[in-house]
Amino acid sequence: MSSSRRGKRRSTGDALAMVFLCLLSVVFIFPFYWVITGGFKDQRLTIQLPPQWFPVKPTLSNYVRLFDNSAGVWLLNSVFTSLTAMLLVCGVSVPAGYVLAKKRFHGRSMIFAMFVAAMALPKQVILVPLVRLVSSWGFHNTLAAVILPAVGWPFGIFLIKQFSQTIPGEILEAAKIDGCSELRTLMHIVVPMVKPGIGALAIFTFINTWNDYFMQLIMLNSRSRLTLPLGVATMQQEFATNYGVLMAGATLAALPILIVFFVFQQYFTQGITMGSVKG
Amino acid sequence: MKRVVTILLMTVLLLSAHVAAQAPATQLKAEVTWWSFPNFLTVDGIPGKHEQSIIKAFNAKYPNIKVNIEMIDFASGPEKIVTAIQGGTAPDVLFDAPGRIIDYGKNGVLANLNDMFTAEFIKDVNNKNVIDACKVGSNFYMYPISTAPFLMAFNKDMLQKHGLLHMLPTEGDRTWTTSQYTALLKALKAKNERGAIVFCISQGGDQGTRAFMANLFNSSITDAAVTKYTINDSNGVKGLQYVVDAIKDGLLLNGSASDGTGAIDEFCAQRVSHTILFSPGLQAVKQHMTNFEPIMAPYPSENGTPALEYLIDGFCVLNNGDANRIKAAKLLIDFICNDPVWGPKNVVATNTFPVRSSFGNLYKGDGTMTFLAGLTKYYAPYYNTINGFAAMRTAWFPALQAAFSGEKTAKKALDDFVKAANESIKR
């Protein structure tokens, strides 16, 4: 087979693949499109058949209704809890994961096994004791009640441990010989080397906390302390759903996640590929 | 001198204790938390706004009782309540319906409201079904405020457009027979309009499907004393077979993939001619979501006398072990339900009907509401407080799915359901 024919066949294959991928991306993007445009439609139009594919007379009434209902406060609460949990989880997981990966001490394997076992526990199992504990600390119905239980996330420690194992021992020894303290080694050697892992963990934690509807539902009660998904849920009646408001709320709720994803995207993809072959 | 001072101090202490004990309820100092499902219609589209105005009025009378209102939603609220009870973070007052409240009462987490069920109140309610729905044994756990029947609703504009409105009873109590209903279904099909969705993907709105099928041939879901399920009698089987056949004939729609909300949304979007679950409260909520006039009717029955399921809204007090808070919670409930101004106002805010007959007709001049208020005489025994009610519900929709798919005959599906449901009573 001549190389020109092979090249032609390849370009046809590429074109077909491109068409297929474009169609696939439409399938994935369409729900987002529908939710975003639905937020600008009147309730009657959101359930109309044939559907109105694009809001002909866009309205901001759904957003007005949302913000009349303290959606701004709910959004801030969601952002605050997710960001704080993200920072704290990274802050705890990095040293813990590093120590478990690189330090030799008695019970190390046991501790790691306990973390792995904790990952298998469904949240529902620990919920009631957790509520009692948080309540005894006086944190129930505060944002801390959602943030603090997220901090010792076993998955975060597991992830960073796997990344830390890729750090060559020689570098750490060299740092020690040069007189680096443990903290300095952690901050100046370990952290830069596991940056992709931290990026991936940051995204996972942010999304996980943002979407942890169940924990937020159980821990938060006051209207001023609700997160965005919880607040939007209170606007639903038993057999009546205002899809316009719901879609406006979903759009608002998706925005911060998209922003965080784009900011950490580079680390995220690096993190996934590195984590898949190392450790 | 020391002794005199001590005696004086003791006297002052005793006197103040006596004064405190004699202090009117208006001086009671407490902080209570009230969790409310969105049972009241929203004001300005803001859930909880009506509740805030109640609290403001309540505080004018009881300035030392601080009330925190927290709204919960129907989808996740029940789970939240159960976890809060187990986790020790339950509210003091809950506005819900007897199904769940009586379950909490049976589990011993509620304070009894026996002192609120005065002879005057029971006489004023004058409805044994409603009173019985509020108690477990001899203890009352729910204080009812309002009630409303569950009905069907048709798209009046659609019927008018096709000249079929005369086939639906529109006068008096609008009661009708199954054969009249069948005639209307056939006429709608001839005009290429779709019948109601008999939804059964989940428990959502399942009271509608049970009432619909039980009424078609005058079966009953339970016996009159509400001790066992009886919908598998020959009339109940005829009712389910009627629905199976109607689905096959294209008169009704198989709702194995729909829940109550979805089916009602289809009705509101005018994609089906009617819904087998509707209520006055829903009509008020859906008003701004529909482009047509819905018209409600009781379920059709063979003899033309329906047995209606109904909603009862009411309050319970969770026993958090603080007598002061329980007392304050009862005062709040009493104010919401019985205050001469706020009692009727709160009933209207649910768009349902008062359980107190002394409130009279709160919807004077509104023909639809007057018609609906007259339906209380068709109320069937209230079975939502039966033991194992929640477990029974998990057996109902699979029974319908099995019958609709042909996996089981109507008789087998109902026999299996009744067996499972009766077992749930014993558990």
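**Reading the contact between chain B and chain A**

The contact brings together 37 residues from chain B and 34 residues from chain A, and it is read here from a predicted model.

Biologist: How much area is buried between chain B and chain A, and what share of it do carbon and sulfur atoms give?

Modeller: An interface's size is often expressed as the accessible area that is lost when the parts come together. Here the buried area between chain B and chain A is about 3100 Å², and carbon and sulfur atoms give 56% of it.

Biologist: How many salt bridges, and how many residue pairs in polar contact, are counted between chain B and chain A?

Modeller: The count of salt bridges between the two chains is zero, whereas six residue pairs, both members at pLDDT 80 or more, are in polar contact. On the side of chain B that touches chain A, the elements giving two or more residues are β2 (65-71), α3 (77-87), α11 (260-268) and α12 (280-286) of chain B. The residues of that side divide into 13 nonpolar, 17 polar and seven charged.

Biologist: Which residues touch the most other members in the largest nonpolar core?

Modeller: Nonpolar side chains in soluble globular proteins tend to be buried together. In the largest core, which has 151 residues, Trp34(B) and Phe404(B) touch the most other members. Another core, of 54 residues, lies apart from it and includes Ala85(A), Leu159(A), Ala202(A) and Ala253(A).

Biologist: Why does Thr209(A) count as buried?

Modeller: Thr209(A), which sits in helix α11 (residues 195-210) of chain A, counts as buried because its relative accessibility is 5%, and the cut-off for buried is under 20%. Leaving aside residues up to four places away in sequence, Thr209(A) touches Thr81(A), Ser82(A), Ala85(A) and Gln216(A).

Definitions and conventions
Residues numbered from 1 in each chain as written. Chains lettered and ligands numbered in written order. Predicted model: local features only at pLDDT ≥ 70, side-chain atom pairs only at ≥ 80, totals over all residues. Heavy atoms only, no water. Contact = heavy atoms within 4.5 Å. Buried area = accessible area lost by both parts, 1.4 Å probe. Salt bridge = Lys/Arg side-chain N within 4 Å of Asp/Glu carboxyl O. Polar contact = N/O pair within 3.5 Å; in protein donor to acceptor, adjacent residues only side chain to side chain. Helix = DSSP H or I, 4+ residues; strand = E, 2+ residues; numbered from the N terminus. Nonpolar A, V, L, I, M, F, W, Y, C, P; charged D, E, K, R; others polar. Core = buried A, V, L, I, M, F, W, Y, C linked by side-chain atoms within 4.5 Å. Buried < 20%, exposed > 50% of the residue type's maximum accessible area, 1.4 Å probe, protein only.
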